[in-house]
Amino acid sequence: MMRKLFLLFVVAFAFSVQADAQGWLGRLKDKAVDAAKRTVENTVEQKTEETVNDVLNSKSDKKDKDDKGDTEVAAAGDDNPTTATSSDFKRGSVILFQDDVTAEQVGEFPSKWDLFQGTVETKTLGGVKAINLTDNAQVQPLIKEQGAYLPEEFTIEYDFYYWPTDQVPGNDGIGLNDMKLILAVTKDRSDYPGEGADGGDMTAFVLTHGVCSSSEHSYYFNGNKNGSFNYAFKKGWNHVALSFNKRALKVYFNDKRVVNLPRVNQPTWLCFQVPFDYKNLTFIRNVIIAKGAVELYDRNAQDVSAVEKAIQETGKFVTNNILFDTGKATLKQESMIEIMRVADYMKKNPTARFEVQGHTDNLGSDKINDPLSQQRAEAIVKALEGLGVDGFNLKAVGKGSHEPVADNKTEEGRAKNRRVEFIKR
């Protein structure tokens with residue numbers, strides 16, 4: 001009997017403990033849910049406040065930038081304020097000379113150049129053909145016509161390879177700053193015009209930029225005036241561009257303007273000079289001389305008026321200033337200026353729809369040019385979308401070389417045929 005009573009007591013106690021445990025777990029669950037709800041509410045409230053602050057700060061930042069025009073200046077109190085000026089470079093519309101070296105034979109003197117002295121050969125660097133200058137090389141583009149060939153308005157572009165000091169092949173520890181672009185003022189192209197102050201009255205402008213460690217660069221202009229500036233190149237191919245318009249001269253490194261001179265004597269021809277004799281160090285490629293330049297003191301390079309006018313009058317905007325790497329659909333940096341103008345127009349006219357047509361010259365086969373022009377048109381559409389344009393209003397079409405607007409038998413004609421057309425639909 002006692003045994004049965006003991007078993008009943010144990011069973012009753014067990015049920016009591018289970019009920020209390022369930023009640024405790026329930027209470028714990030309720031508390032956990034309440035705590036979780038409070039956490040979520042606090043998190044949402046905090047995130048909402050952060051989002052509002054971000055939006056307000058973004059608007060404030062945008063207003064500050066808009067108020068500053070095309071130059072952004074660090075806020076007052078910044079220990080390391082920096083400035084950045086947007087590029088206004090625009091390649092001339094008519095190509096006078098162009099050499100990407102792709103057709104040259106490795107080991108031979110490049111066929112589109114003439115030599116004053118030194119050693120110049122076509123070599124490969126990282127699988128890419130380029131012109132190697134050494135032994136105090138002095139070279140100039142091979143222009144058949146005698147005398148001056150640079151017009152009142154022109155642009156010059158080229159790529160050069162930069163080596164950090166500690167990565168120069170076989171020449172560790174050297175630090176040179178002596179690659180020169182020289183704009184002469186003489187009519188006789190048979191004599192080297194000299195450089196810097198030594199050139200005297202024979203030079204209009206001489207740009208000296210670094211090939212190795214130095215980030216300090218210099219220039220001479222109008223015979224004996226001079227200046228200097230700092231710019232740090234990155235290892236690899238870097239782009240140099242120069243624009244001259246009647247008297248104003250500007251220089252750009254990788255699309256950043258680094259020299260801006262209001263009055264320079266009219267140049268007549270150009271040459272390059274590399275004074276040192278290190279082997280496999282100095283390379284240039286993609287040299288382009290073109291007629292035409294950005295307008296004098298054009299402070300509104302991204303004005304959409306030219307786009308608007310063209311579309312109103314003809315229903316399309318045609319440009320030769322959207323450029324790509326040779327044989328690729330990779331946009332060059334300087335192309336963004338023109339693309340931004342189109343983007344500004346389209347954002348001001350959000351219902352306008354355009355066909356973006358890529359056109360090539362007839363060099364190369366249709367098998368290559370047709371898909372390449374399509375890929376380039378698609379790259380432009382992607383760039384416009386990245387600038388806030390609605391992709392629904394854009395259609396990329398590659399036309400290849402099938403619709404020329406000029407004679408493909410001349411370089412001038414081929415340059416006009418290499419174009420992009422934005423046609424309103």
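What follows is a short exchange about a predicted model of one protein chain.

Colleague: How many helices and strands does the protein chain have?
Modeller: This is a predicted model, so every value here is computed from it. Of the 425 residues, 42% count as buried. The count of elements in the chain is 6 helices and 19 strands.

Colleague: What share of the contacts with a separation of 6 or more joins residues 24 or more positions apart?
Modeller: Leu133 and Asn280 give one example of a long separation, being 147 residues apart in sequence and 8.1 Å apart in space, C-alpha to C-alpha. For the protein chain, the share asked for is 68%.

Colleague: Is Leu133 buried or exposed?
Modeller: Leu133 is found in strand 5, residues 128-141. Beyond its neighbours within four places in sequence, Leu133 is in contact with Thr119, Val120, Val139, Val274, Thr282 and Ile284. Its relative accessible area is 0%, and the cut-off for buried is under 20%. Leu133 is therefore buried.

Colleague: How does Asp114 count at its relative accessibility?
Modeller: Asp114 is found in strand 4. Neighbours within four places aside, its contacts are Phe109, Gln138, Val139, Gln140 and Leu142. Its relative accessibility is 35%, which lies between the cut-offs of 20% and 50%. Asp114 therefore counts as partly exposed.

Colleague: What separates the C-alpha atoms of Asp114 and Cys271?
Modeller: Along the chain, Asp114 and Cys271 are 157 residues apart. In space, their C-alpha atoms are separated by 9.4 Å.

Colleague: Which residues of helix 3 are buried, and within what arc do they fall?
Modeller: Helix 3 spans residues 305-314. Its buried residues are Val307, Ala310 and Ile311. Seen down the helix axis, they line one face, because they fall within an arc of 95°.

Colleague: Which exposed residues sit on the face of helix 3 turned away from its buried side?
Modeller: The buried residues of helix 3 have a cover that includes strand 16 (316-319), helix 4, strand 17 (354-359) and strand 19 (419-424). The face turned away from that buried side carries Lys309, Gln312 and Glu313.

Colleague: Why are helix 3 and helix 4 described as roughly perpendicular?
Modeller: Helix 3 and helix 4 (residues 336-348) pack with their axes 8 Å apart. Helix 3 passes helix 4 in a right-handed crossing. Angles of 65 to 115 degrees count as roughly perpendicular, so the description rests on the angle between helix 3 and helix 4, about 65°.

Colleague: How many nonpolar, polar and charged residues are in the contact of helix 3 with helix 4?
Modeller: From helix 3 come Ala306, Val307, Glu308 and Ile311. They meet Arg341, Val342 and Tyr345 in helix 4. By class, the contact has 5 nonpolar, no polar and 2 charged residues.

Colleague: Which residue with a positive phi follows helix 3?
Modeller: Its phi is near 80°. The residue is Gly315.

Colleague: What is the phi of Val101, and where is the residue found?
Modeller: Val101 is buried, with a relative accessible area of 1%. Val101 is found in the loop between strand 3 (94-99) and strand 4 (113-125). Although Val101 is not a glycine, its phi is positive, about 70°.

Colleague: Where is Asp255 found?
Modeller: Asp255 is not a glycine either, yet it has a positive phi of about 75°. Its place is the loop between strand 12 (248-253) and strand 13 (256-261).

Key
Residues numbered from 1 in each chain as written. Predicted model: local features only at pLDDT ≥ 70, side-chain atom pairs only at ≥ 80, totals over all residues. Heavy atoms only, no water. Axes fitted to C-alpha atoms, helices over the stretch in contact; angles between N-to-C directions. Helix = DSSP H or I, 4+ residues; strand = E, 2+ residues; numbered from the N terminus. Left-handed = near helix turned anticlockwise from the far one by under 90°. Contact = heavy atoms within 4.5 Å. Nonpolar A, V, L, I, M, F, W, Y, C, P; charged D, E, K, R; others polar. Buried < 20%, exposed > 50% of the residue type's maximum accessible area, 1.4 Å probe, protein only. Arc of directions from axis to C-beta.
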